[in-house]
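Hi everyone, thanks for making time. I'd like to walk you through a structure that is probably new to most of you, so let's put it up on the screen.

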Amino acid sequence: MTQEPVWTFNAGSSSIKCAVFRGEQECCAAQVEAIGSSARLQIKGHDPIPLDRGVKHQQALHALIQGLNEKGFDLKQAKAVGHRLVHGGTFFQKPLVIASKQLAELQKLRNLAPLHNGYGLDIIEELLLSFPDIAQIACFDTAFHSTMSEVASRFPIPDQYFEKGYRRYGFHGINYEYLSEELKTHNAPSRVLAFHLGNGCSMAAIENGLSKATTMGYSTLDGLMMGTRTGNIDPGLIIALLRDEGLTIEQLENLLYRQSGLLGMSGMSNDMRDLLSSNEPKAQMAVEYFVTQAARQACSLIPYLGDADALVFSGGIGAGSSIVRERIIEKLAFLGFNVDKSANDARALRIDDIKSSKPIYVIAANEEKMLARHVMRMI
Ligand code: ADP
């Protein structure tokens, strides 16, 4: 008997990613990218198909389902569907089967996380309507960090704000959970510093597979410098930008989320590949800031672990760029980490100098597989 497949959906502001799994095996993957500009449907192993310029997420979703149907993957045959939701607040700390009652509860998170959850929730709502017989299961990026202590999850502001939910949630948790499970299969040591370096960047301090601390906070702005986001900056600067520069809240939000980071510093691109291949001093400065900030943030997590026994790199930059990994590891040599240049250039699973170093791993991000695992464990 063939196993019924599990589908996964991962929606962001300009893309919807989808994958079909049988057990651990990914049978097909597809995405609609550049929604809002030159949207196109990309089914893995096939040429991209341009979509109408004006397509919104709902039409993109149906184009995705139709495109996969034409390749022999019918959503109606799915056993269940897993969805990535970035923010579960303090309430949702485990994957959740969604029916209308849960959907109503989740809608409240739209207000808590207006920039994060809307697209994922819209897709769940649409699939509940169009495919009412298929279980829809939501998985939350924040859930992995629910094991952080109060010290790791608080900001030093009065209690009344903490109780209202102004606290460090942390993000990228679905990938950190995936990395933890993979590291376990490789018998990695217990205290790991994990780098998720993509368009969004964060780090987690993980002990025995559990999150002890993380660099992103209440929002996805804190911690490491990112493609277009600042990461950690002086809060006094925000007061000055509002008071002395007269920025509106919208302008400030745009500046911090979309005009800063690698793009803002280089004045050129938010893509690390462009900056690494440029001789422009500003591009080189942005890269140096990025690797220094990554090492600085790594050190900020050490007190939550006592020490770091291993490093793991993931995300588009973390798994893609040997030079960025090398430059970060060089700055952490005092902790006992040394890179093996040829293993690093070959992007091996282990890139440490085995004679003289604690283990350093490179593992590609795979949120889809973690979503599928959660769904299979629930059904
Ligand atoms: P997201 O956070 O949107 O999931 P990814 O993890 O896919 O993003 O990371 C995308 C970013 O990774 C790109 O913007 C680019 O800067 C960077 N990137 C991808 N491949 C490489 C590479 N081979 N070398 C350096 N940077 C890369």
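I'll talk about how some helices pack, and then about a cavity. One thing to keep in mind is that this is a predicted model.

A quick word on how to talk about this: two packed helices are described by the angle between their axes and the distance between the axes.

Okay, helix 1 and helix 3. Helix 1 covers residues 57-70 and helix 3 covers residues 118-130; their axes are 10 Å apart, and the angle is about 55 degrees. An angle like that falls outside the roughly perpendicular range of 65 to 115 degrees and isn't under 35 either, so helix 1 and helix 3 are oblique to each other. The crossing of helix 1 past helix 3 is right-handed. If you want to find the contact on screen, look for His 57, Gln 58, Leu 61, His 62 and Ile 65 on helix 1, which meet Tyr 119, Ile 123, Glu 126, Leu 127 and Ser 130 on helix 3. That contact is a mix: five nonpolar residues, four polar and one charged.

Next, helix 7, residues 235-243, and helix 8, residues 249-258. Here the axes come within 10 Å and cross at roughly 135 degrees, which makes helix 7 oblique to helix 8. Helix 7 also passes helix 8 in a right-handed crossing. Which residues of helix 7 and helix 8 meet? On helix 7 we have Ile 238, Leu 241 and Leu 242, and on helix 8 there's Ile 249, Leu 252, Leu 255 and Leu 256. So what kind of contact is this? Seven nonpolar residues, no polar and no charged.

Now for helix 6, residues 173-185, and helix 15, residues 367-378. Their axes sit 8 Å apart at an angle of about 80 degrees, so helix 6 and helix 15 are roughly perpendicular. Helix 6 brings Ile 174, Asn 175, Glu 177, Tyr 178, Glu 181 and Glu 182, and these meet Glu 367, Lys 369, Met 370, Leu 371, Arg 373, His 374 and Arg 377 of helix 15. Sorted by type, that contact has four nonpolar, two polar and seven charged residues.

Last stop, the cavity. How many cavities of 30 Å³ or more does a search of the whole structure find? Just one, and the space in it is about 60 Å³. Its lining is made of Gly 89, Gln 93, Thr 142, His 145, Ser 146, Arg 167 and Tyr 169. Those split into one nonpolar, five polar and one charged.

That's my tour, thanks for listening.

Terms used. Residues are numbered from 1 along each chain as its sequence is written. This is a predicted model: local features need pLDDT of at least 70, side-chain atom pairs count only at pLDDT 80 or more; totals for chains, interfaces and linings use all residues. Side-chain values use heavy atoms; hydrogens and water are left out. On a 1 Å grid over the protein atoms alone, a cavity is a set of points where a 1.4 Å probe fits but cannot get out, and a pocket is an open set with protein on both sides within 12 Å along at least five of seven lines; lining residues have an atom within 4 Å of a point. Grid points are joined across faces, edges and corners, and a volume is the space filled by probe spheres set on the points. Ala, Val, Leu, Ile, Met, Phe, Trp, Tyr, Cys and Pro count as nonpolar, Asp, Glu, Lys and Arg as charged, and the others, Gly among them, as polar. Axes are lines fitted to C-alpha atoms, for helices over the stretch in contact, and angles run from 0 to 180 degrees between N-to-C directions. Helices (H or I, at least four residues) and strands (E, at least two) are DSSP runs, numbered from the N terminus. Angles under 35 degrees count as roughly parallel, over 145 as roughly antiparallel, 65 to 115 as roughly perpendicular and the rest as oblique. A crossing is left-handed if the near helix is turned anticlockwise from the far one by less than a right angle, and right-handed if clockwise. Contact means heavy atoms within 4.5 Å.
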